[in-house]
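Here are some exercises to help you find your way around a protein model. Try each task on your own before you read its solution.

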Amino acid sequence: MLFEVWAPRAEEGVTLWLGGAERPMERDQGRAGWWIAEAEAGDGDRYGFALDGGPLRPDPRSRRQPDGPDAPSAVVDHDAYAWRHEWAGRGLKGAVLYELHIGTFTREGTLDAAAAHLGELADLGVTHVELMPLCPFPGVHGWGYDGVDLWAVHEPYGGPEALKRFVDTAHGLGLGVVLDVVHNHLGPSGNHLPAFGPYFTDTHHTPWGSAVNLDAPGSDEVRAFLLGSALAWLRDYRIDGLRLDAVHALADTRALSFLEELSAAVDTLAADLGRPLFLIAESDRCDPRTTTPRAEGGLGLHAQWNDDFHHALHTALTGESQGYYADFARAPMAALAKTLTQVFFHDGTFSTFRGRTHGRPVDVTTTPGHRFLGYAQTHDQIGNRALGDRLSASLSPGLLACAAALVLTSPFTPMLFMGEEWGAGTPWMYFTDHTDPELAEAVRAGRRREFAEHGWAEEDVPDPQSPATRERSCLDRSERAREPHAALLVWHRELLALRRTLPDLTDPDLASVKVAYDEQGRWLAYRRGDLRVAVNLGRQTAEIPLGGAGRVAAAWGRAEVPGSDGVLRLGPESCVVLAGS
């Protein structure tokens, strides 16, 4: 087989190490900076590269790191896996995503253990599972955003074969699979890329240090490296879509941006494979151009997370007003109404948190609602709190039910975070497993210092390096048999069933959404086609002038269908979906 590596920083030569034997590599005369060698090798064979007589390093494009990021790579024969299920693909329109973390979805923390529960998610009614990052990182447990081998699967999760089994099982159940990938930085430990070439640049600086090189000398090859990795997940593992972490942190000044190049490559691959593929951006820019088609001057990504909807919903539910919640908390029902109809709250408005004007309006007459993800909870919004506390730690079952109604009947592509469907009582905390003692202590101290600035005592902030922090973050499925968890699970199933059977709930027309609300009364109602959704977040019965009667399609709490006066009487912390006029 052909071994090849881009190593422009090698001056004297590159040596291929394969199964204990060494052989010199030759320069590829047709590609600057590339080195090649032919050798017999099969699936599982260990190999690596040594530059200029230096230490053995793993392949930057390694498909497997069986012994961790600092050990030799292993050959992977992707054709060796026998796929059990044909799969025509599943696009974003009409989708409901379910975000999960392999390491805490089960106590075993493996892909195979998670796959055993996929039938439960199919029964729940979601359409796609969104996996948090799977690339290798030092240690066993972590969120995954410190990955260092962007073509490989974390070995403690089961490695590449386990991911294929997971995807195969999901597809057999009709579930699509989305993978969270990180292109804006690599982890602080186990990253060997700088030894090979200019993968990073000091032209820009990011919260993680030097920026991934997307526009400085050598960036053509770095872009090709990232593009190849992204396409490999979609092609070799039959992944259906990628979630792109924090694209606002990609420093890129080139006329053809990396994101536009990536979206074009993914669309081409989708056409070649004959199945839909998509990209979902995490972006805090509130910029509709992220998902505007390339032919219309946009980046051409297929969807983006909408944190503004989350922030409006969170402040309406909790009353929190710190940090970036401040602008939303001034009139949370109005903020929620704006995001339901205009998508972004900050669409050219002043952001107190940023100290400047932020965002750009969405043209709701031409932009379909499914291009934006709506959610009440995510890994970030839970795990970046000091105690990793979910909404269930502070809200009543009624308010959790209202949150579910707003997310699952919204004009957006809904997303749930694992366990949200039963109001999981387990926290989801920030945890790490750094093998470098100095790095481990720096992370521990930094976490406690960060929250000390917000009034937390050091001893109250969980130690991210403690195994107990990860263990406490694992789901407890026994909760589902107890109240109020059992009732919340039934409610989520009911709402998801409505989304499958009532076309108005998947209508992409944002301009047709009509909203009314009462800030003091803490109620909000909106219309989607022939459906009306009303939530009462207050502690008193709300009288909501809806007009018309209709039938109750789903309800949590007390809801009296409007009579001749056209007034809906909705009990405290209750919600209802009405069908018909």
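Keep in mind that this is a predicted model. Let's start with pairs of helices.

**Exercise 1. Work out how helix 12 and helix 15 lie against each other, including the handedness of their crossing.**

Step 1: Start with the handedness. Helix 12 passes helix 15 in a right-handed crossing.

Step 2: Get the angle and the distance. Helix 12 covers residues 397-408 and helix 15 covers residues 485-501; they pack at an angle of about 15 degrees, and their axes are 10 Å apart.

Step 3: Turn the angle into a word. Angles under 35 degrees count as roughly parallel, so helix 12 is roughly parallel to helix 15.

Step 4: List the residues that meet. Helix 12 brings P397, L400, A401, A404, A405 and L408, while helix 15 brings L488, W491, H492, L495, L496 and R499.

**Exercise 2. Do the same for helix 8 and helix 10.**

Step 1: Helix 8 (residues 307-318) packs against helix 10 (residues 332-342) at about 150 degrees, with 8 Å between the axes.

Step 2: Angles over 145 degrees count as roughly antiparallel, so helix 8 is roughly antiparallel to helix 10.

Step 3: Check the handedness: helix 8 passes helix 10 in a left-handed crossing.

Step 4: Look at who touches whom. From helix 8 you get D308, F309, A312, L313, T315 and A316, and from helix 10 you get P332, M333, A335, L336, T339 and L340.

**Exercise 3. Helix 8 also meets helix 12; describe this pair.**

Step 1: The axes of helix 8 and helix 12 come within 11 Å and cross at roughly 155 degrees.

Step 2: With the cut-off of over 145 degrees, helix 8 and helix 12 are therefore roughly antiparallel to each other.

Step 3: Helix 8 passes helix 12 in a right-handed crossing.

Step 4: On the helix 8 side you'll find F309, L313 and L317, which meet L399, A403, L406 and V407 in helix 12.

**Exercise 4. Is H192 buried or exposed, and which residues does H192 touch?**

Step 1: Locate H192: it is in the loop between strand 11 (176-181) and helix 5 (193-196).

Step 2: Check the relative accessible area. H192 has 17%; buried means under 20%, so H192 is buried.

Step 3: Skip residues up to four places away in sequence, and H192 touches R57, P58, P69 and D70.

Step 4: Zoom in on D70. The side chains of H192 and D70 are joined by a polar contact of 2.8 Å.

**Exercise 5. Place L231 and find its contacts.**

Step 1: L231 belongs to helix 6, residues 219-236.

Step 2: The relative accessibility of L231 is 18%, so L231 counts as buried.

Step 3: Outside its neighbours within four places in sequence, L231 is in contact with A265, V266 and L269.

Step 4: Try a distance too. From C-alpha to C-alpha, L231 and L242 are 9.6 Å apart in space, and in sequence they are eleven residues apart.

**Exercise 6. Which strands are at the edges of the sheet with the order 24-27-26?**

Step 1: Three strands make up this open sheet, and their pairing is antiparallel.

Step 2: Strand 24 (542-545) and strand 26 (559-560) each pair on one side only, and these are the edge strands.

Step 3: Now follow one pairing. Strand 26 and strand 27 (residues 567-570) run antiparallel and are joined by two bridges. Here E560 stands opposite R569 in strand 27.

Notes: Residues are numbered from 1 along each chain as its sequence is written. This is a predicted model: local features need pLDDT of at least 70, side-chain atom pairs count only at pLDDT 80 or more; totals for chains, interfaces and linings use all residues. Side-chain values use heavy atoms; hydrogens and water are left out. Helices (H or I, at least four residues) and strands (E, at least two) are DSSP runs, numbered from the N terminus. Buried means under 20% relative accessible area, exposed over 50%, partly exposed in between (1.4 Å probe, protein chains only). A polar contact is a pair of N or O atoms within 3.5 Å; within protein, one must be able to donate a hydrogen and the other to accept it, and residues adjacent in sequence count only if both atoms are side-chain atoms. Contact means heavy atoms within 4.5 Å. Two strands pair if DSSP finds at least two bridges between them. Axes are lines fitted to C-alpha atoms, for helices over the stretch in contact, and angles run from 0 to 180 degrees between N-to-C directions. Angles under 35 degrees count as roughly parallel, over 145 as roughly antiparallel, 65 to 115 as roughly perpendicular and the rest as oblique. A crossing is left-handed if the near helix is turned anticlockwise from the far one by less than a right angle, and right-handed if clockwise.
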